[in-house]
Amino acid sequence: MNAQQPLPLIGVTMGDGAGIGPEVIVPAVLDAATLGRCRPVVIGDAARLREAARILGTECEIVTVPTPAAAESAPGRINVVDLGLLPADLPWGALSAEAGHAAYEYVKRAAELALTGEIDGICTAPLNKEALHAAGHVYPGHTELLAHFTGVEEVSMMLSTEKVKVIHVTTHIGLIDAVNRIEPGLVERTVRRGHEAMVRAGVAAPVIGVCGINPHAGENGLFGYGEEEEKIVPALEKVRRDGIDARGPLPADTAFFLASRGDYDLIVAMYHDQGHGPVKVLGIEAGVNLTVGLPVIRTSVDHGTAFDIAGSGKAEAGSMIEALRQAAEMSTAR
């Protein structure tokens, strides 16, 4: 980054106020390394952040600002675009339609600010899908919500840890529906989005491992009904012609081990649990969720609202710090 260029402005959505979002945001946005990379502005509820700081025993100044541009970056200061949607007596760790609606509004405001260029990227604290639905907002999660607000029909979820990165062809649908939805065009677009994201992150020629659908990637027709040959192979042939190093279909039970030792820069998983399970074993503590294909940068923690420990001060902020780091780096690269 040029020394004269200002640090990117990152909008940090507070997520579900009854969960651990406020407790991981406070230390993450105060972190000296974070402040050296970006100018974080929380989009959420100032009073809830003050309560989180009290629970954590953290001395800081929480300041409401009318716009991200009005935020002043300084040690010990947290800037908040305060939507003031949460009741003062909102209990920690309890499902709440009010908190679900507030989380929806935080994301909506962040998307608006990103599309108008008032922030350079978005970093999201976790929301609770059941609370979101209880508030009447029926979306599977952040990924689909942001796609809706930014007018994008198709995006991909990428999970990033120190050991492995994975992008998903399908995510929040049942396994039978996922297999039916997978087709060569979708696989091809997912591989291309993953390749573009890796190049943007600084990997000039990423090696991409693409999982099969069936055990042992079908083992030449022994398992399944030829899904690999029908749904995956044609996509790989197309992207390879364009110079993308995509290898497979690979048996999923070995692909992640090979990626963790450095054989692959990115793994393409065919469905949610095929990718999420290994990633969470290999590094959920500092894992980051990226939405690839949006017109704006978006990263997120790779954990949920953790209602069981919300309000106790026990939440770890490592994933939020890493999510802010990647949002800052990708925003700068843009």
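These legends accompany views of a predicted model, starting with the whole chain and then moving to selected residues and one helix.

**Figure 1. Overall fold of the chain.** The secondary structure amounts to twelve helices and twelve strands. Along the principal axes, the C-alpha atoms occupy a box of roughly 60 × 45 × 35 Å. The radius of gyration is 20 Å, and a compact globule of 334 residues would have a value near 20 Å, so the two agree. Contacts between residues at least 6 apart in sequence were also sorted by separation: 73% of them join residues at least 24 apart.

**Figure 2. Surface and charge of the chain.** Of the 334 residues, 52% are buried. The chain exposes about 14,100 Å². Carbon and sulfur atoms supply 50% of that area. Side chains carrying charge divide into 27 positive and 42 negative. The centres of these two sets lie 4 Å apart.

**Figure 3. Close-up of Val179 in helix H7.** Val179 sits in H7, which spans residues 175–181. Neighbours within four places in sequence are set aside here. The remaining contacts of Val179 are with Ile213 and Lys231. Val296 serves as a distance marker for this view. Val179 and Val296 are 117 residues apart in sequence. Their C-alpha atoms are 29 Å apart in space.

**Figure 4. Close-up of Arg192 in helix H8.** Arg192 belongs to H8, residues 184–200. Its relative accessibility is 28%, so Arg192 counts as partly exposed; the partly exposed class runs between 20% and 50%. Beyond neighbours within four places in sequence, Arg192 is in contact with Lys238, Val239, Asp242 and Ile244. One of these partners, Asp242, is 50 residues from Arg192 along the chain. The C-alpha atoms of Arg192 and Asp242 are separated by 10.0 Å. Arg192 and Asp242 still touch under the contact criterion, which counts heavy atoms within 4.5 Å.

**Figure 5. Close-up of helix H10 and the glycine after it.** H10 covers residues 252–260. Ala255, Phe256, Leu258 and Ala259 are buried in this helix. Viewed down the axis of H10, the buried residues fall within an arc of 160 degrees, so they line one face of the helix. Gly262 follows H10. The phi angle of Gly262 is positive, near 105 degrees.

Definitions and conventions:
Residues are numbered from 1 along each chain as its sequence is written. This is a predicted model: local features need pLDDT of at least 70, side-chain atom pairs count only at pLDDT 80 or more; totals for chains, interfaces and linings use all residues. Side-chain values use heavy atoms; hydrogens and water are left out. Buried means under 20% relative accessible area, exposed over 50%, partly exposed in between (1.4 Å probe, protein chains only). Helices (H or I, at least four residues) and strands (E, at least two) are DSSP runs, numbered from the N terminus. The arc is that of the directions from the helix axis to the C-beta atoms. The radius of gyration is taken over C-alpha atoms; the globule rule is 2.2 Å times the number of residues to the power 0.38. Accessible areas come from the Shrake-Rupley method with a 1.4 Å probe; for residues, only the protein chains shown count as cover. Lys and Arg count as positive and Asp and Glu as negative; His and the chain ends are not counted. The place of a charge is taken as NZ of Lys, CZ of Arg, CG of Asp or CD of Glu.
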